[in-house]
Amino acid sequence: MRCGKHLSQKCWYIAHDEVKKELTAEEANEKKKYRLAELGTALLVDPESNIKSLREMLQIAKDGDHSIVILGLKSLLAVFKDILPGYRIRLPTEKEQQMLVSKAVKKTRLYESTLLTAYKAFVQKLIALEEQAVYKRVAMRCICTLLEAVPHFNFRDNLLVAVVKGISSQDDVVRKLCCATVKSLFEHEGKHGGEATVEAVKMIAELVKVHNCQLHPDSIDVFMSLSFDEDLGKPESSEVDNKTKMKNSKKKRKLVEPNKLPASENKRSRQEIISKTREEVKADYKAASFAQDVAERRRMQSDTLSAVFQTFFRILKHAMQSLASSMGESFSLPLLAPCLNGIGKFSHIIDLDFMADLMNYLRKLAGAGSQKNDSHHLTVSERLQCCIVAFKVMKNNLEALNVDLQEFFVQLYGLILEYRPGRDKGEVLAEALKIMLCDDRQHDTQRAAAFVKRLATFSLSFGSAESMAALVTLRHLLHKNAKCRNLLENDAGGGSVSGGIAKYNPYATDPGLSGALASVLWELNLLTKHYHPAVSTMASSISTMNTVGNQVSHSNISPQQAFVQLSHEHESFIPASNTKKTSNKRKKGCRLSFPISSASKDELMTLADENAVRNKLSEHFLILDNIVENERLRTELYCTNMSLKLCEQYRKQKKRIR
């Protein structure tokens, strides 16, 4: 009894100690939370007097408890966002520290050095925690918030390296957060004067190079948020006059000053020190105010643009090398689509020295899937984007370029048939039709007729959105090319006898050699009976275009707008039913109360036959179900009987052994 009491008392003491430890740990955590709130509030109220409290907050943030660490990081983030100055802190040199200064200057230097030391420790801790999976998201959120709030402050490079590294992260939350931060840097250059933009773009270019273009598309898509000044280097006449006056006055001063220089060497060295100090003050003022001159801003933007296009050309070159060395094996080009989008956006500021190489790359990539061995390498959407970018570059540089775009028309002519809804992007096809066929371009008659015929065939095969975009393009081509309206005629010899090719060849790869002028747009007659009223109306209006009153009918709607409108309507659109409702009511002594046509009789007979077949099939499958159920039951019964027999045999053998 005494031993039992002793053991129970011992267990009670152990449990009591454990509960006490848990309570003390919770109390300690509560005290730490309260202390963080107290220190943070004091720093926000009077940062200069309580600047040393940052060390204590950093020490609390090193706690082993997960919740305390996160709370400490968030508290420090809120404090630093509020108390960091709007300029970069430059610590005094050894010579400046030896100089006699006032108490106010000493106090300011102490405050800035303490703040900078604590901020450096906080940044280093965030970068270290970013490597740990438990704190990764919290640390990256703090890093992104700091970089977005104070991009002008010290240790921006450390934050920027971590953010650029995260734009290709496999974690969707981290990647989207980093991409949003980089885009914010590009869009708000006034906070940092454009320096962070140049650094970020160069880091992204290096990241693409290191990973051999195998990154997430979002890492290149951030370039779409960049903006460049086009008329930056064109000052007004008054500014030019002021600059020339300033230059002349400076030259006069330089000529006069040597004559007035003091003879003694001490005075000369003193004047040199004064001039150096003035230059340093000017540099510090310029860095603090971000007041850029035109030349400096233009230099930074040219560096940014150079790094961007260096990345774009690297991606295009990698795609070309992958196509050449694949030997039928599959590979991924995740950065090609955002690269083409970026080239299309900045095509108006591309250096003319790179135009020939760029058009050569685009020509080869657009035809990369035309051969059988390359059919699985580039998608139809990617090849269409190559054609779109080529036309954008050509449109924005008409005066400087003299490039034949016939090969791109050949590729588009074939890609229209290769398009598959669901697999390929319809909006990309609509954009290609708009840019290549509709944007105020006069086409060769044979080429225009070939595209008219192919678009009419395309409209029969796909959904209402694709058909509407194709018909809008078809109508535009007929409006611009009067000779192509002969395809609307229904004569036995085809649409036109004036074409150079007497017979239409639908399998021709070159639209100029298809002989489409010898064909007829019989597809429009079928499209007038399309299930979607917008498509049928458009087909009817095109069919009557060749009449006197409707020759110049033309709408401002583009293929892209038509595709988007019908894509949105497709979800809620319900085709009208054309089935005729029949009544089976009978009167006494009469078979039917109204005359029935032969078609109605056929429909009734068909319905009766369907009902009879349905009943027979249901009875048949019911019998089959019964047979299957019986077979299952028989199998279970057989297994049960066999088990009982084995059990009996086992008992008999056991009795014999005894």
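**Group meeting: salt bridges, core and cysteines in a helical model**

Hi everyone, let me start with the charged pairs: the count comes to 22 salt bridges, where a salt bridge is a side-chain nitrogen of Lys or Arg within 4 Å of a carboxyl oxygen of Asp or Glu. Before going on, please keep in mind that this is a predicted model, in which local features need pLDDT of at least 70 and side-chain atom pairs count only at pLDDT 80 or more, while totals for chains, interfaces and linings use all residues. Residues are numbered from 1 along each chain as its sequence is written, and side-chain values use heavy atoms, with hydrogens and water left out.

Now the overall picture. The protein has 24 helices and zero strands; these are DSSP runs numbered from the N terminus, H or I with at least four residues for helices and E with at least two for strands. Of its 658 residues, 37% are buried, meaning under 20% relative accessible area, with exposed being over 50% and partly exposed in between (1.4 Å probe, protein chains only). Taking contacts with a separation of 6 or more, 73% are between residues 24 or more positions apart, a contact being heavy atoms within 4.5 Å.

Back to the salt bridges, with three examples. K136 and E130 meet at 2.9 Å, N to O; K136 is partly exposed at 23% relative accessibility, whereas E130 is buried at 9%. Next, E199 and R156 pair up at 3.1 Å, N to O. E199 sits in helix α9 (residues 195-210) and R156 in helix α7 (residues 156-166), so this pair ties together parts that are 43 residues apart in sequence. Here R156 is the buried partner at 6%, and E199 is partly exposed at 24%.

The third pair is R383 with E418, at 3.1 Å, N to O. This one links helix α16 (residues 380-396), which holds R383, to helix α17 (residues 406-418), which holds E418, across 35 residues. R383 is buried at 2% relative accessibility, while E418 is partly exposed at 32%. There is also a network: R35, E38 and E56 are joined by salt bridges that share partners.

So which residues touch the most other members of the largest nonpolar core? They are L54, F80, F223 and F408, in a core of 153 residues; a nonpolar core here is a set of buried Ala, Val, Leu, Ile, Met, Phe, Trp, Tyr and Cys residues joined through side-chain atoms within 4.5 Å. Helix α13 (residues 294-325) gives the largest share, 11 residues. Leaving out residues up to four places away in sequence, F80 touches L54, L115, A118, Y119, F122 and L146.

A charged residue can be covered here too: E523, in helix α21 (residues 523-527), is buried at 1% relative accessibility. E523 touches K453, A456, T457 and L460, again not counting residues up to four places away.

Helix α22 (residues 533-543) buries V535, S536, M538, A539 and I542. Seen down the axis, those residues fall within an arc of 160 degrees, so they line one face of the helix; the arc is that of the directions from the helix axis to the C-beta atoms.

Last, the cysteines. The structure holds zero disulfides, a disulfide being a pair of cysteine sulfur atoms within 2.5 Å. The sulfur of C142 is 9.4 Å from the closest cysteine sulfur, in C144, too far for a bond. C386 is in no disulfide either, with the sulfur of C387 nearest at 6.8 Å. Both C142, at 3%, and C386, at 0%, are buried.
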